Structure formats: structure tokens, C-alpha cells
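Welcome, and please take a moment to turn the model around before reading on. We will walk through it one piece at a time.

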Amino acid sequence: MVRHAPIVASVPHLLHGGDYNPDQWRATKDATWKEDMRLARLAGINTLSVGIFSWAALEPEEGRYEFGWLDEVLDLMAENGITAVLATPTGARPGWMSRAYPEVLRVNRDRTRNLHGGRHNHCLSSPVYREKTTAINTALAERYGDHPALGVWHLSNEYGGECHCDLCQERFREHLKGRFASLAELNEAWWTAFWAKTYADWSHIESPSEHWRGEQDIHGLNLEWMRFTTEQFVDFYLHESAPLKALTPDVPRTTNLMGTYPGIDYFRLAQVLDVVSWDSYPEWTGTEKDAERGARASFLHDLTRSLKSRPFMLMESSPSATNWRPVAKLHRPSVHLLQSLQAVAHGSDTVQYFQFRKGRGGSEKFHGAVVDHEGTEHTRVFKDVAEVGERLAALDGVVGTDTPADVAVVYDWHLRWALDDVKGMLQGATGYEATVIEHYRAFWEQGVATDVIDSSLIAEPGRLDRYKILVAPMLYMLRPGAAEAIDAFVQRGGTFVATYATGYVDEHDRTFLGGFPGPLRPTLGVWAEEIDALYPDDRNAIDWDGTAYEARELCELIHAETAETLGTYGADFYAGRPALTVNRRGDGSAYFIAARTGADFLADFYARLVADTGAERALDADLPPGVTAQVRTDGTTDYVFALNFNPTAARIDHPGGVLDLAPFGTAVIERPRT
Amino acid sequence: MVRHAPIVASVPHLLHGGDYNPDQWRATKDATWKEDMRLARLAGINTLSVGIFSWAALEPEEGRYEFGWLDEVLDLMAENGITAVLATPTGARPGWMSRAYPEVLRVNRDRTRNLHGGRHNHCLSSPVYREKTTAINTALAERYGDHPALGVWHLSNEYGGECHCDLCQERFREHLKGRFASLAELNEAWWTAFWAKTYADWSHIESPSEHWRGEQDIHGLNLEWMRFTTEQFVDFYLHESAPLKALTPDVPRTTNLMGTYPGIDYFRLAQVLDVVSWDSYPEWTGTEKDAERGARASFLHDLTRSLKSRPFMLMESSPSATNWRPVAKLHRPSVHLLQSLQAVAHGSDTVQYFQFRKGRGGSEKFHGAVVDHEGTEHTRVFKDVAEVGERLAALDGVVGTDTPADVAVVYDWHLRWALDDVKGMLQGATGYEATVIEHYRAFWEQGVATDVIDSSLIAEPGRLDRYKILVAPMLYMLRPGAAEAIDAFVQRGGTFVATYATGYVDEHDRTFLGGFPGPLRPTLGVWAEEIDALYPDDRNAIDWDGTAYEARELCELIHAETAETLGTYGADFYAGRPALTVNRRGDGSAYFIAARTGADFLADFYARLVADTGAERALDADLPPGVTAQVRTDGTTDYVFALNFNPTAARIDHPGGVLDLAPFGTAVIERPRT
Amino acid sequence: MVRHAPIVASVPHLLHGGDYNPDQWRATKDATWKEDMRLARLAGINTLSVGIFSWAALEPEEGRYEFGWLDEVLDLMAENGITAVLATPTGARPGWMSRAYPEVLRVNRDRTRNLHGGRHNHCLSSPVYREKTTAINTALAERYGDHPALGVWHLSNEYGGECHCDLCQERFREHLKGRFASLAELNEAWWTAFWAKTYADWSHIESPSEHWRGEQDIHGLNLEWMRFTTEQFVDFYLHESAPLKALTPDVPRTTNLMGTYPGIDYFRLAQVLDVVSWDSYPEWTGTEKDAERGARASFLHDLTRSLKSRPFMLMESSPSATNWRPVAKLHRPSVHLLQSLQAVAHGSDTVQYFQFRKGRGGSEKFHGAVVDHEGTEHTRVFKDVAEVGERLAALDGVVGTDTPADVAVVYDWHLRWALDDVKGMLQGATGYEATVIEHYRAFWEQGVATDVIDSSLIAEPGRLDRYKILVAPMLYMLRPGAAEAIDAFVQRGGTFVATYATGYVDEHDRTFLGGFPGPLRPTLGVWAEEIDALYPDDRNAIDWDGTAYEARELCELIHAETAETLGTYGADFYAGRPALTVNRRGDGSAYFIAARTGADFLADFYARLVADTGAERALDADLPPGVTAQVRTDGTTDYVFALNFNPTAARIDHPGGVLDLAPFGTAVIERPRT
């Protein structure tokens, strides 16, 4: 365990603040900007993000920059002790650019070129767009590189989408030439003999299309397109970063991610970021459902932290309603503090919002904000924010602390892309992400810290050594090296858990031959012959340890080979056949859960595993449902965050005493690390 | 109160008839047309609408007119004492025109140009289309201007849709230059600094598009596009009208509207019509639901009448099934008479149908008609129509009478456009129109006559003087002058009712600053700090006057400032806070209902207001549920229409006696006006 | 009754096998192909279908053929006594062709041209595509015409879709000139005076389009487009066939159909096939629902058989999961045998699968197969298949036998196209196909053999002579000759049953005048004045024979003219009016069921008719629900197939003894024909 440096070297505090758009208020700036500073300080805000979507304000005509307003804003911020997260403005572009250079506009899957408008509507290959990006970023870095307010570079905003223009098609073919030694190898990997899809020439390859759904039937092509799109963003990020890195090498750079956004493999993109940041918008309901929402939000925090295994930034969150939800509900009292401390508990060193002040127009004008249209500090939401500011100010000790985990759960973008395409089981509703979170939640409810990693990290030499338990729900795709690393992990004494739908396909979505779970068959000691899909109302059961646990949706029919049968099916024509097995192998154990179950089974099963392996719990206590505890530590002092996601009070009886949590209540306990 | 002139000066009767398409029966005209006349007279029909969609029949080749068939038809009608509603044929055009001049075809939001076909598939800007329109309309007016059958000009049919071609784009930019003094003003009004949308040049402005949903995020642009489209129809109507007005100045001109069709601001369009007409297709079910359907149909009649505050035409209705409904149900016995007298009760001087005779082909061949495919008078529906003919013939005294109302409910197209775009609350399901009708229905069930007006009429000098009560549900947008007029109305002694979601934005969909309900804050004496959106199954309550009325969907958290709290919330974290207030101001009162309620609260609340203000009821009686009474009067004689929308009998015990209404039954009572 | 020749003259057995794609396994062919042969023989397989979608493998570059791999495969098959169903590869084409000749790509309804990819993505008019097709088919026939393995030609695969390119538009206009003597006749038939659609020139006619939904409103155009598309496939099939027919006149040709696929009139297409084949994928659930699924599958078998009134081929079926179902459920034990014998019971002389070996890639890689990815004979599914092989091998006597039927049910593509377009009743949900199957099922549950014929067969001279009962549910469209043939059938002593929604329109979707059911009014002795559509939860009743049977959805209000009233309505304003009538006419009877009922009424009603007419039942017994019995016979010996579609056991007590059927169990009884 180490204590990491603060994100902004000169600010040894948890950062508190959010997106700030003074450029929308230039008409009334004398009144508004100053008032903004007063209100920010009143709310305990020490950082503001500026310049996001400001390209039209910074470069109103081609080549003519207007930095005056930003100079003023940054100066004001510096005067008020507020650190700037300064954005490059490339998330949207001025209208003049689309008119002068139509090539910058994206081409959709249906091969139509977009009109100007919206966010992320640019071609990542376009030389013109890249040139304009370099110019504005260079100008920003030159002008503000030494500004005392500058803390972090925020590149663009929420990267996403894809482009199918001719330039991108050509780059895609280049990408493929890097991936396959020959067209024959590509044809074999993509199994193009199916439906006469064999490519006779590289130039015949086109990106996936909506024109003809059959085109998507080359799953290998779809996968490579997603990999290519990821690499396009990596490449564009590096391109955007270059002038910033050259001119301000010590200022950390990031771009804000979006949890499990499917369009980009974040494990890959994170490799090129200095610090990871993300935007979190859980849908709080004020009801019992918030326990499940809380688990999901925690999962996403842990995933984001695991991308680089170090403190991250909560770049955006809502202080109240999230305006685009079908039902834009207000945050109940205490919820704002709860979600903010939750982020810190899981490794964030910041609590930031979208947005500081509500705009008067645009589609986000009703999104929660620190300062409402009403304009004063006399609102419920403002007071909630100020309370968070106060609490964070008391947690300087947390800055840079670590979040050690004995357990890792696997979540993998490439696997997900394959399952999104799957024709079989329950089709697009086969449910990968929700299943991973169900498994994750069983640890979360025990207060067991969990990393979330993907197959590329599994295969990283030595990476698995830190874990006692590795859980890989629905490990449908085995990417290169993963099966070998998992087997070694087990042989060395690790506890591995796999489920139905494991080991079906390789990285090209080509099935393994010789019996599923493919390369993991010896590790798990089972052969999965068939998988049964159940209708929504159908139920089966896993009989284990004297209890009949409900099984549903997917039931795999397996043969225990070297494995021992622990549980069996309770019904249907496969009643009595193995449903839960363990394979003792080397010094470790490999469990196999053959069917989808409810949370009850997962809770009992993983409680047993935690007990067996001695995986660390934040508190040595049985936590009430909907309550979690998470630890941050520098190796000497533990900061235990107890979080209650219930609309009712909860009590934790732990060795250090009794802890009473109010509805949606929180507590932070400091204790020496033992 | 005045008695207005009959719509057709020479016909001092209620008009009875409908759309007639003899051009579809030219192959058998000798038999069919004569039989049509016999059947029309048998049904008590005194008007038929001809020439709608007849362009291909009237001008089969470019420039070659064929009027012979229409000559014959109009002569036959004149011989049989049937007044013609003669249409211009511009609702659809012949195929030769689309081939010769592709520019006449509309361009969709996705910027693709339509193929030929369908209705309303023409560009309103196209010089060629306008030239062709002038030519055919001139020819019609020249030929039939003096024909004894000619009664009313029916321009085109059900104006609708929009065009995004280059010609329309250019006109749109011209429209904008008329609306904004400068591009800077437009940018500020549309808040384009949001997402770098700032326009650097007028030419960069494009109409809303489907290409890229983000484009729609400029709500100000969307609003102006709808305003522009309305003006396009106004302009096209005037263009179409010009030759008719020049050649037949005494023949009234109309085009048939469609209730609350969202694409055109009918309050604006009505300004240029001589008489308002509309097409009413309520979905009668034969069950208890018809009470709600009846209220809605009445609302639409009242809205249509209020457009010009004088008798209107029911241009289309179905004598039985409406063929395009998901379930094309037959009218139950008595329903046809009920819906016909309902129209008259609310101010229509006509009862007209689509259609006189069912066509053999086309998508409307199964729509209800006076004469079925079977072809005789021996059908149930024909007898229903003949009964209406008989009843209307006995109501000559009603022609031109007025419909005085002490209450006005506000329905506003511009506001609706803004709410259709809203990102917040319940999004597109925020439910403006249904809410307005719920409030309207509380008066309707009391037999209280109600006008339906928009913000432009509110702001019209003196307009509000005629009302005792003004109800403006969800007055989200305050258009220029509205707040001032409402405040004056209150100060002068009026009773004003507003609700949650009031006073949020100006005419450009830009929020007010300083606290909602914006400019109405002093009038209402409340500050609306936040609005909570509830999930569909969630419930709160308004405790008022000893009763806990259900609240749901939207609950605004308000502070009573100068207002007095009448009712409070019953649950959730805002239990006990104000939910119903009144602000005594000047000589009047301004009520604020903070949450969405059921019909029970509105019934009780508005009954109290009617009693307090002395607003006139048609009958001095408590009407049974699902029954309404409406008055038409010339100031001397009242015609009271009692209408029972229940499938069961109903009794009204009123000062004049006991009135028994059969299921779906009707009665008209004549009495002296007091 | 006759015994037909075997499909492959040299193979006097039921064929057993399926689609085989050795071209996907060329990389490992030495191991895989030999193993395939071993496994096929082990499973009792005597036929394999090869070459489907092999164009890219057979002609990797334009004009360069590679037949070597296919030589090898066919030689191996011949060595192993396996008959080849050899495909032409035109279901998909190599990428080089789309690049070199973009005209081969289809144009969609929205007039966009597809990108390369998918299946059936070619223009059927394209001269280039036709030329390439002739070349490859000629080469195949020349090379393999004398190969000992060759048994059947399989043309393309699952014909479907349509093309809207300029070439097809031109051919469409030619088709129309063949259908109508003049443009005036077309205009009158299509009733184009409606909405000014009158065509002034043949060149103005365009195919249906998505651009503008109104275009579809010419139902006559839509109908002719479907007829044209059918003729395009007929023509293309004949084009494809020509070289095969010339070079191998004795080898039967087929293309595989898809039940009631709406895009092609299979009664027309079947006229040009030598043998009919189809692909059957019922959705078995393992529950009580399978009785209904079983009836539907039987209906489709009977429909397919009736296309040519002789044994057909079950070209594709799944040995287990159907991968593209929303829930890809495994076949329960016994289900595979059940569905296989079901096909034979209804007239199939083959049981074939998609697919022999699961591919490693592509969208069908998880579709059920004889050989799984695991690769051995040790799977449950392989054993199921081998069991079928064994059972079929014992049924040589069934080959070529007939399936005589006393009952015919009408299913008509043209009628369905018209009802798909209907604007009225319940719109697109008016429910033609499901209704036909409900009527069919009443016979199926009695073990009464049923043909399924269309209006063209009704009108075929002498065709109805073979039937005792003719049932035509919802005979909405009366195509030429149908009414006359039905009346003659009744007059000669036949029993005819019609329902609501009969006799509304002619072949151009133009309504009949003078009262529905139009030309059948004298035959049925009723006048159908109106039809009432009911909401989903609404119910009425038919009171018949002491029972009140539920009526729902559609209730026609009829007048019994010459007909006798047997049953009356139980509720609503038409209570007591006729709901079931019979018209005694000549020597026969014509029944009319005025409302949609549940299966209970149909079961009782048709049981009465079967008893009255003496229509033959497979077993002289009351079958339990969900059980059917079907007969195949050569006139001397009957093969009675008893099939239990219940998940529970069933017992049949028949004159020959007691027959106990296991869950999903089957039995074949041989008996002399009496």
C-alpha cells in the first residue's frame, strides 16, 4: 500500500467543484461572475471546470482567438483560490468549421453524413479537424500553461460515437492489416466462408452498416470495428495531448469516462490517461431500490478506479435531479452527501458536479446545479452542496490513500461486444453487465473491497497475485493468455469462480472446439454440453447445502469430469444433474455455477468463499442489507466509510462498537491499520 | 350578446351534409349521381362538400382543365337545393406536376425529398406550386363564382406537415431576420453558447433535423421553426385565397382544422379565416369512458369556437366507425345524434360528415358514411343520419346564436411546443394537453360554459374583461404581455388559477431568473423552489378542507410568500409544506395548485370557485357525472342542450323540472334568457 | 389414391440428413470431412445438402472456378452412400461481384441501394446477375450432372425480399401492362380518383415506397407489387433452372419455402417447382402451449403439401435449439422425434436439418446441429438424431404414400396482402392467419385430415369435388371464379363455412357494391350490414344449442335473408340478432359464423359438421386435447401417426385398442385400408 500524490500537486485536499460555464453569462458577467465566486466559496468549492464546449467562444471565426473572457475567469478563480480543470474545446465545434470543411462531420452507419450540430459530431481521422485541434490546444497551453489557476487538463468531453467516412474506412483497413498477417488469416478468423462472405481483397472490407443487417453477421468484423474505434480515440487523445504534454508536462491530463459506455474499451483508453475521471449519474429513487442502485454505482466506481489502480476523479455528478431521466426525481435529503462520500470511499479524490450554475437555455437547463436559476444560496440543494464541502474539508487525510482488494470481478468490453451480438441463449438480452454486477454485489454487501478487471489485466504477468478470489461471470470470450493465467492462479492456491456461458469463443468470436468451456475445461473440470434458455416466468432450482435456490433464464447442462458436484438441478429433464461444482487443482479451487441464480444464492455462496479464503472485510460484522463499508488506507490509518442506501435507519454491530446510520446516512471511522 | 349572420347568407338553417366525391363515380355517374341526390334529400342534407382532392380530375394534363363533370354535379346540387362547400384541390396534386417540377415535392427533416404521393406533400415556398395553385383557383372562382350552389370556399384540406428544402430554409432565415434585430440577439435568445452552437453567420442556421438529434437541442430554434411553419401556412392560405377573394368577395373562406394538431398555431391561422371549421373524430366506446371522451370533444369544440369567438363549422365527423382507429368500433344507438347536437351546443352551425358515400377503393373506404357500399337508405347508419337531419331542421332558431362564457381556460401552442421539447420533469410525457382538459372538465361537468384561449388573447387589450375565472394549467411559458395582463385581471377582481410548472420560460424557452414562477411571482405570492417528479406508482396527497386528495406525477415545492396556505402536502420529505395557496391581490384572488391531482380535487375546488364567483351554469342544478349542459343564446332566448355521455340513463332535477335523459340521450330546452 | 415415386428415384427410403457446409472446414478437411462421414452414417443419415452459399468458394475470382473441394466432398458422399441435395449458390454472392457490378445490389423501399453483404441482396432483374447465375449453374450441372451422389437440385435458398431499382420499376410497369388493358382500366381498378392519384402516364407509376406512407394507400398498387414480386421469383427460378433442366432433366429441382412467408404467393411459385420443400422451425416450449404450436406446425405442413398435392421435403428443421428465437430453448426429450414424425405424418418424405455440423463463426453458430462444436457422437442431441434415423429407416413403406383429405381450409396470400393493408376493423391486427389456424385446429384435434388451399385452387375446375367440407375463414377477397366455384360446390351437396369479413373486396381490393358478402350473398343467404370491432377486453356471446359461447374482437351485424338462424348474439345493442346461420341451397349447406369465437365453439361446431358429413377421422375415437392422428396411405395400407403434443402422457381408446402415448410421445400404426 502506498499513498499516492494528490491529483493537483499543489492542492492537498479532496477536490470539490464542477462544470462551470461563465461563457454563457458574458452578457451579465460583471454581476454574475463575481457572484459565482462568492457562492462557490460559500459552498466549500475549490475547483471549477471551464472551457468545455467553448470553441465557438474561443475561436469565433477561423483563426481569430478570443481569450479575454477566459483570462478574466481564470484570474478570478486564482484570486479566489479555485483550481481550474481546464478543458480543450473539441467536444463540439463552431459552425464555421462545418461549413468550411464538411469533411469534419461524421458519417453514420447508414453512410449519411451528419449535418452540423450536437456533440461529438466530428471525424477522428479528418486531417483538418486534427490540425484545428492542435492549433487551439497549443494556443490554450501557451496562454495558460503558467496560470496559477491551472490544475488539470480536461480533454474534450465524454468521448463517444464513431465515424464511417471514407477516411475512417481506409484507416480501418490499415488497422486490420496490423491485426492479421494475411487476408486468408482474416477470412479464417472471421469464418467468412459462412454465407459467402469471403473477402477476395482488402479493399472489399467495409465497416459495419445499418443498410443491411446481414453485414453485422460477421461478428469478427464487428469486434474489430469496436477495437478500431477504441484505437481511434486513443490515437486522437494522444494527438490532442501532444501540445499540452510538450508545453505543460507536469499538468495531469484526463478525459471524462462514462462507466460501462459500450463504445470504447476503457481499459485500453485508460492506459494513455494520466488520471482517470468519470461522470456518475445513478438513478436514486428514495425507496428500497436504492440499495441495488447503490451497488451498481459502487461497481462503476470500482471499475473506474481499477483502470489504473489509483485514485480517480468523480468529474461529474448531479447535486439533485438528473434532467434527462424519464422521471427527473429530486434527491431526497442526505442522498447528495451519501453519493459524494460513496465516490470517495471507492477511491475518488474529487467530488465534482455537472453543473455549478444552471444555464438559461439548452437541453440541460433543468439539470441539477449548485446554483439554481433563482440565483442565491437559499436553496435546499445549495445547502446540501455546502454540507458536502464541509465534510470533504475534514478528510484531507484521505487524499491519495489506497483501496486494497482481495477480490477481483471480471468485466470485459470485448466479451460484452461479442455477447451484444450473440444469436442464441437470450439474444441481446443475455444480460452480461447485470450479471457481473449481481456477483459484485454479493461482496459489496459484505463490505469486501473488490477490484474490477478485464481479461487484458488477467493476462498481465503477476497481476492476479494480489487476489484471493477471482470471479468471472459469463466469461464467454477467452482472450489470449487469460485461460493460462487463470489456471496458474488456481494452481498457485487461488479461488476461481466461473459460471454458465464460459469459454465459448476466442477473441474473434469463433467457438472453441472439443467441448466448452474450451481452454478452461481442465481448470474447471467440467464439460458444458448444452445450455437451456428459460422463458421469463420459468424457474428451476439449484439444490445446495440443504437449500433449493431459484435458478432462471439460463441453465447449462454440464458433466462433472474431474470436478466434484456440490449442488444439483432441482427440476426439468435435467433434475439431479450437476449445477454447482468445485475442481481442486494444484493448491487452489475452481468453482463452476451452471445456472443463473438470484441474489440469495450468490450471497450465501460468496459468504462461504470469503470465510474460507479469509478475504478482508472492512468491518468484522454482518452488514444489514443495503449497507456497505469500504476502506481507504495509507497502510497506517484506515478510513472506513459506512454507507446506508436504505430509506430507513440501519445499525452495524462491529467489534469497535455500535454504529447507527440514519436513512441514507453515512459515517467515516478512522482506525489504525492492523 | 349578438346573433351572428348565418354562414351562408342565403341559408338560414343549420347546415347538414358532408364530403362528397362524385368524381370517384364518373364511370357510373348516370345511375349514381342521381341516386345520391335522392338519398341526400331523404337524409335531410342541405350541403355537400365537393372538389376536395380533385386536382387530377380537374386538370388531368398540365394546363388542360376538365370542368364538365363538376358543372354537372353543381347543377344537380342546385336543382336539389343543396349548398356547395367548394374546395380548392391543393391538398394533393396530379402526378404530372411532380414529374415536371420535382421542386414541388416536400423535403423531410432528414433532408430527403419525398416521392410523389400522399396528401400535403408539397413545398409551401415553391414558386411553381404557387403559380399552379393560383391558376386553378382562379379558374374555379371564374367558373363557379356565380353558381347558385356555391356557399363556402373550402381551401385545400387539413393543412399540415412542413418542408425543409433549400427554398424553405432561405425563407426561414428571412423569418428569423424579422424576429431578431441581430444575430447577437438571436444567439443570446437561443442561449447558443451552450455546446458551442453560437452562429457566426445567418447562413449557418438550418431548420431542425433528424440527422442529428442534438440539433434539436436549440429549443429556441425549434420554437421559431414552428412559428415559421405557422406563418408559411398563413401565407399560403392568403396566396390561395387571393383569387377567390378578388372574384367572390362575399363567399366565406375556410380551411378545416384538426383540434389541437401540434404543427400549426391555430390561434394565428384563424386570424386569416373568414369562418373557422374543423374535423372532429372522438373515439366513442359505448362505455363509461365516453364521459371522458365527451369532455375532450367538448373542449375541442370550445377551443375551435374561441379561435374567432363566433359560430364555427363542424366540417367533418363520422356517422359511424372511424376507420383508422386501432379498433374501428361502430357508433352505438343514439351516439350519432349525441355527437351532432354536442357540436351545435358548443357553437357549431353545421353538422357535416366525412363522408357522404363510401368509396370503393383507397384507404378510407371503410370510414363511416351516410351511404354505404350497399347503396340504399335501409341501413342503421342512414337512419341515424336522417334523424339528425330532422332534429337540425327544427333548430333554425339556433343559427348564429352566441355562447357566452364566464370562464376561460388557457391552451397555448407555443407553450406546448416548448413542453414537447422539455428535458426534465417527465420529459415528453409531462402531459400538458391532458392536464388542461382535466381542468376544463371540472367546469364542463358543472354545465359552466368555458372559452379556451391562448396567451396571445390573454395579452389582447380588454379581452380578459369578460371573464370571472381564468384558469391556466401549467403556464410554463409566459409570452410577452401575458403576465402583466393576468396581474391586471386579478387586481381588477378576477379569479386566477395557476399550477406547478408555471412561469419557467420566456417565449424563447429561456428560463426566468430570480425564482419561479418568474414574472407571476408577485401575482401568485409564491416561490417555487423545486419540482419533484414521481414514478407512475408513487402517490402524495394534498390535504385541503379536511380531505386528503391524491397527488401524483409532479409535486412542486413552494414557499408561500404573500400567499395564504390553504392546503399542504401529506407525505414525503415535504409533508406539511404548502400545496394549495391563494394570494389576495387588489380586488381579486390568485390560486396556486402545486401538484398534479385527480379529477376529484379539481371538481371540488372549481365547484367552490364557481359558487364564490357566481359564474353562470347552464342549469341551476348539480349535473350527474358524464352529463353536461350548454347554452346558446341570442340574448333573448336560451337554447339549453343537455347531453348524456353515459351508457345509462341520467336524471337532472333543475328549477324548470325533471329532465330524464336516455343512455347517450339528448334534450334541447328553449327558455327565455333572464 | 396413388403411391408417388420417391423424390430421388434411386433412393426408396425416407430421406434423413441436412445442410452440410464442408467449405467452412477446408483448413482442417482431412480430419473433419472423414469424421463427418463417420458421424453421418452413425446417425442414420442418407442425404446431405451442399453448396448453399458457396459461391465465394466456387468462384473466388470472376470467372475462375474452384470445384476441387466440391469434387472431393461429393466423392466422399457417394462412397458413403449419401445422396446430395446440391445447391446453386445464388442466395449470396461474392464480394467481387458487388464491387464490379453495383447494379446487382438491391434497392430498398426507401430507394437506397444496399451495401454488399447479407443474403438475398440481389436484384432479380439485373442482366449481369442473371448472366453470372447462368454461368455458375451451367458449370455445376456440367460437372456434377452425372455424379452418382447427385439426388436433388436445391435452387438458391429461402427466396425473399424485393428490389426497387430502376430496372425493376421498368419490369413492374411491363407487368402492369399485362394486367390491365389500359391506363384507364388501371385507374378505375385502383380507384385512383381517391386523393388525386389518377395516373396520366404509365411512366408515373412507381413501386410502393417508405418515403411517403401515403403512397401505400393505393392498395391495388400494393397488391400488384406483391404479384409482380412473386412473378419475379417465378421468373428468376425458371432462369436459374434452365441450364439444370437442359443438362439434367431427370433430377428434381426445388427451392426451400418458409411456411406462410408473406412476400411470395407460394401457390404460384409452387407451380414451377418439381417438388416442394420447406423449412420448419416451430417454437416448442416443453409446456401445454406445445399443443397450439403443434397445430400450427401441422397447418404449415398441410399447406406446403397442398401446394402440389403430393409428398414434400422437410428441407430444414432444428435438432434442438433454434438460435434466433428470443429464448433459444433446448428441445425436451422426445420432441425431436415428435416433430420429425409429425412432418412425415403430414406428407413429408424427408426429415432434414439445418445443420449437420455447427460452424465456428457466423450468426448461426449456436443453431442446433447434429454434430456440436464438441465434435463427437456423445451428445444428447446426436442420440436424438440417431433415434430418428432408426425410426425412419423402418418406414420405407411410407415413401410416396398419399394423404387424402375430406376437408379443405382456405388460406390465400392475395387476401392476406389486402388484409395487411386494411384500414378498418382491427387494422393490421385484424388477424387473418391466426384465425385460419384456429379453424384448422378444430379438425386437427379430431384427427381429420385437411388440405389447405387458396382461391386459385378453389376456382380450378373440378378441384373442390374431392372435399366434403370447405372452410374459408374471413374470405375478405373474392378472386375471380371463387364465388362461382363455391356456389357450385354447395349446390352439388358440399358443406361450406364462411365467417364475418367475407366478400368485401375484389382482386384489386375494391369493395363489392350492393351488400356484403358480395357475390356470396345468395350462397350464404345473409346480408352483412356492419361489422363491430371490440376492444381487447370486450366480450359478446353466440348463443347456440343451449350454450353461450364467447365472441370477441369482431362481430358482424347480419340479416338472415334466405338463411336460417341457428345462433344469436347474447349482448350489446345487437343482442338477439343472428350470429350463426345456415343456408340450405341445392344439395348442400352454407354456414355463416358472424363473430370471432374461441376454440370451444369451433371444436363443437366442426365436430357437428364432421359427424353430419361423415368426413374421415384417422382414428374412430375422441382424441385427447393436444393429440392428433394423421394417415398416410397407398390405398391398401394405412400408416396412422398418433402424435402427443402434451408434456404429459395421453391415452387414445380406439376400435383397434388402447394406445398410450408418453409425454411428447408418438406411435405409428399400420392397418389395412378399408
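The paragraphs below go from the ground rules to symmetry, then to the chain interfaces and the domains.

This is a predicted model, in which local features need pLDDT of at least 70 and side-chain atom pairs count only at pLDDT 80 or more, while totals for chains, interfaces and linings use all residues. Residues are numbered from 1 along each chain as its sequence is written, chains are lettered from A and ligands numbered from 1 in the order in which they are written, and side-chain values use heavy atoms, with hydrogens and water left out.

Let us start with how the chains are related. Chain B can be laid on chain C by a rotation of 120° with 0.1 Å of shift along the axis, giving an RMSD of 0.1 Å; copies are superposed by least squares on the C-alpha atoms of residues with pLDDT of at least 70 in both. That is the relation of a three-fold axis. Within chain B, T112(B) has the C-alpha nearest the axis, 6.3 Å away. Chain C is superposed on chain A by a rotation of 120° with 0.1 Å of shift along its axis, again with an RMSD of 0.1 Å. In chain C, the residue that comes closest to the rotation axis is T112(C), whose C-alpha lies at 6.3 Å.

Now look at where chain B meets chain C. Here 55 residues of chain B are in contact with 51 residues of chain C, contact meaning heavy atoms within 4.5 Å. The two chains bury about 4,500 Å² between them, and carbon and sulfur atoms give 57% of that; buried area is the accessible area (1.4 Å probe) that two parts lose on being put together, summed over both. Which three residues of chain B supply more of its buried area against chain C than any other three? They are L115(B), R360(B) and F366(B), with 17%.

The same interface can be read through its polar groups. There are 6 salt bridges between chain B and chain C, each a side-chain nitrogen of Lys or Arg within 4 Å of a carboxyl oxygen of Asp or Glu. K365(B) and D509(C) join their side chains in a salt bridge, with 3.0 Å from N to O. Polar contacts link 20 residue pairs across this interface, both residues being at pLDDT 80 or more. A polar contact is a pair of N or O atoms within 3.5 Å; within protein, one must be able to donate a hydrogen and the other to accept it, and residues adjacent in sequence count only if both atoms are side-chain atoms. On the side of chain B that touches chain C, at least two residues each come from α2 (55–58), α4 (95–100) and α12 (380–393) of chain B; helices are DSSP runs (H or I, at least four residues), numbered from the N terminus. Of these, α4(B) gives the most, with 3 residues.

Next, turn to chain C against chain A. The contact takes 54 residues from chain C and 51 residues from chain A, and about 4,400 Å² is buried, 56% of it on carbon and sulfur atoms. L115(C), R360(C) and F366(C) supply 16% of the area that chain C buries here, more than any other three residues. The count of salt bridges is 6 between these chains. D538(A) and K329(C) meet through their side chains in a salt bridge of 3.6 Å, N to O. There are also 20 residue pairs in polar contact across the interface, both at pLDDT 80 or more.

Finally, look inside chain A. Its division is into domain 1 (15–164 + 228–397), domain 2 (166–219), domain 3 (407–613) and domain 4 (627–672), with bounds from an automatic or database domain assignment. The centres of domain 3 and domain 4 of chain A, taken over C-alpha atoms, are 31 Å apart. Their contact takes 4 residues from domain 3 and 5 residues from domain 4. About 380 Å² is buried between domain 3 and domain 4 of chain A, with 47% given by carbon and sulfur atoms. W444(A), E445(A) and G447(A) supply 84% of the area that domain 3 buries against domain 4, more than any other three residues. This interface has 0 salt bridges and 1 residue pair in polar contact, both at pLDDT 80 or more.
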